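Subject: Structure for you to look through

Dear colleague,

I am handing over the structure we spoke about, and my notes on it follow underneath. Please keep it open beside you while you read, and go through the notes one part at a time.

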Amino acid sequence: MGETELSIILLSARVAFTAILCALVPAFAVAWLLARKQFPGKGVVQALVTLPLVLPPVVTGYGLLILFGSKGPLGQLFENLFGISFAFRWTGAALAAGVMAFPLLVRPIRLSLEAMDQGFGEAARTLGASRLTVFFTVTLPLALPGVIAGAVLGFAKALGEFGATITFVSNIPGETQTLSLAIYALLQSPSGDAAALRLIAIAVALALAAIVASEYLARRLTAGGRA
Amino acid sequence: MSTLHVDIRGRAGSFEIETAFQAGAGVTALFGPSGAGKSTLLKMIAGTARPQSGRIVAGGRTLFNSATGTNLPPEKRGIGFVFQDARLFPHLSVRRNLTYARWAGRRPASRAFDEVVALLGLEDRLDAAPATLSGGERQRVAIGRALLADPALLLMDEPLSSLDKARRNEILPYLEAIRTEAGIPILYVSHETSEVARLADTVVLIENGRVSDSGPAAAILARLGLAAGGDPDEAGVILEGRITDVDPAYHTAVIALDDDRIELTGNGFAPGMTVRLRVRAGDVAIANAPHDGLSIRNQLPAIVEEIRRDGAFATVALGFGGQQLLARITAKSADALGLQPGSRVHALLKAVSVEMARIESPRGGLTSASSPR
């Protein structure tokens, strides 16, 4: 494996990890709201969360460009508040990957929260646990299989994200050129087939590893005994 | 003395709950048909459901008072709750479940862990996962978990109703042991006459969200046996007596009920012990005169006090030596025997079907002869 290939993989991993780490907490919060609470506008929230899944990725990418570009309202807000800029940076690639992976994170977490017997929380309260303690000692551990399933699925999606990323932050080697973008670039050049094939093999291996890892984790977590 | 005062109004589904009662040490059964509002009442005391108005005070602490706006959250009410479906945390071991109130609820460890574990016979299952436990074991862990929460009040919502008869009989001795050990008021919700008869000191009868009757268990259950609406086959009475003699060869014991004596089966009894008997109406027959040549050896002279007819059957209240028995016979037999209030008859008791449990002291705990300790 050449140096460029390694740097492409490392960049892709950084983008995907950052995306999932940043998206996980908001995804859990949204999943919890959708699973447990009734509020006006719930349908709108649900639709917004699902939108990246059904919208053409190019449209999502364009929307990100409008909102988070260097002239976009949210882009300027982040620039001024945290000094983070997204335009043509790897952070932008991570943002695009996170947004595209968000529905995949929310769904399994929401399902695991909905399937959970709320009686456990009630029992914990009668044993002296506050709402916050119940969350960390009962709700979160019981939702963990859903969290892991969502994280693995989202990570795989983030790793392979293409349309929104190329629209939002372009295809800049060493900055925004993740695995999929690099394969695309290589296939555009007449002599790039061999190099593209190597990257494709790596992509397949990574995907398989993710599936095996998620299966293993899910089994270990449930072996503890879910009735 | 730790006492519970409840006086609340609220809604449970389609009907109103309007209930006032008190409970002291020992077991107070909230007894009544399914859907009478018993479980909702328990939730309101636990703080997981909210009454519309009223007051709940436990051991001098106000848990709820609509007049002052007091409404303590469940975790601050100092209660222990045993749910019908156990609700053990599936991701935690038995040990972590039992100690949950200590490490997550920060309740004081005033009751020794090892003692509770021994009391419930859970020594060998501490590292097991809840999913690997039997239904009976699961319910025992749930009881231990509630006890280890250092409760000032123990609430039990039909803890045996999800178990089959064999499992119930496995748990009942543990419940009887706890009743003696805990020394706190226990509110026990049930619609099973046999459980209430075996465990309760006091019965609060709940119908349609209201208290329709309350008092000592024996009196309430005897009244209930005659009342229309109750399950006549489960009707029966509770008798208290003293063991005067035992026959180890036949595993029998002679019990003195005031002036009369009956002989029942049972192991582990000794002369001098006070026992509580539950005699179902269906296990009592009536004869005009004493009979020889019957397998039924217990024949008590009695006087007919009341006859309540329902269709093909009749429930007969029989008085003897200050206590009462109920007999469930056919209406045809009642007429054939010419039974009238005041008739002198003999009540025949089948020894095998009478449940007998030992009472440590007249007002103290009830411990079965087959106590697990």
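In this predicted model, the helix pair of chain A meets through A:Phe120, A:Gly121, A:Ala124 and A:Arg125 on the side of H6(A), and through A:Val134, A:Thr137, A:Val138, A:Thr139 and A:Leu142 on the side of H7(A). Sorted by class, the residues of this contact are five nonpolar, three polar and one charged. Helix H6 of chain A covers residues 119-126 and helix H7 of chain A covers residues 131-160, and their axes come within 10 Å and cross at roughly 160°. Angles over 145 degrees count as roughly antiparallel, and H6(A) and H7(A) are therefore roughly antiparallel to each other. The crossing of H6(A) and H7(A) is right-handed.

Chain B offers a second helix pair, in which helix H5 (residues 135-147) and helix H6 (residues 165-182) of chain B pack at an angle of about 15°, with their axes 9 Å apart. With angles under 35 degrees counted as roughly parallel, H5(B) and H6(B) are therefore roughly parallel to each other, and the crossing of H5(B) and H6(B) is right-handed. From H5(B) the contact takes B:Gly135, B:Gly136, B:Gln139, B:Arg140, B:Ile143 and B:Leu147, while H6(B) gives B:Arg167, B:Glu170, B:Ile171, B:Tyr174, B:Ile178 and B:Ala182. By class, these residues divide into six nonpolar, three polar and three charged.

Another helix to look at in chain B is H1 (residues 38-46), which is mostly covered, with eight of its nine residues buried. The buried residues of H1(B) are B:Lys38, B:Thr40, B:Leu41, B:Leu42, B:Lys43, B:Met44, B:Ile45 and B:Ala46, and just after this helix B:Gly47 takes a positive phi of about 95°.

Turning to the strands, five of them form an open sheet in chain B in the order E16-E20-E17-E18-E19, and the pairing is antiparallel. The edge strands, each of which pairs on one side only, are E16 and strand E19 (323-330) of chain B. If direction is ignored, neighbouring strands of this sheet are turned by 45° against each other on average.

Within this sheet, E16(B) and strand E20 (residues 344-349) of chain B pair in the antiparallel sense over four bridges, and B:Ile286 has B:Ala347 in E20(B) as its bridge partner. Strand E17 (residues 298-310) of chain B also pairs with E20(B) in the antiparallel sense, over six bridges, and here B:Ala302 stands opposite B:Val345 in E20(B).

In a regular strand the side chains alternate between the two faces of the sheet. Which residues of strand E16 (residues 284-287) of chain B point to one face, and which to the other? B:Val284 and B:Ile286 point to one face and are buried, whereas B:Ala285 and B:Ala287 point to the other and are not buried.

Finally, there is the contact between the two chains, which takes 24 residues from chain B and 20 residues from chain A. On the side of chain B that touches chain A, the elements that give two or more residues are strand E7 (79-82) and helix H3 (100-103) of chain B. By class, that side of chain B has 14 nonpolar, four polar and six charged residues.

With best wishes

Notes:
Residues numbered from 1 in each chain as written. Chains lettered and ligands numbered in written order. Predicted model: local features only at pLDDT ≥ 70, side-chain atom pairs only at ≥ 80, totals over all residues. Contact = placed C-beta atoms within 7 Å. Nonpolar A, V, L, I, M, F, W, Y, C, P; charged D, E, K, R; others polar. Buried ≥ 20, exposed ≤ 12 C-beta atoms within 10 Å, placed from the backbone. Pairing = 2+ DSSP bridges. Axes fitted to C-alpha atoms, helices over the stretch in contact; angles between N-to-C directions. Parallel < 35°, antiparallel > 145°, perpendicular 65-115°, else oblique. Left-handed = near helix turned anticlockwise from the far one by under 90°.
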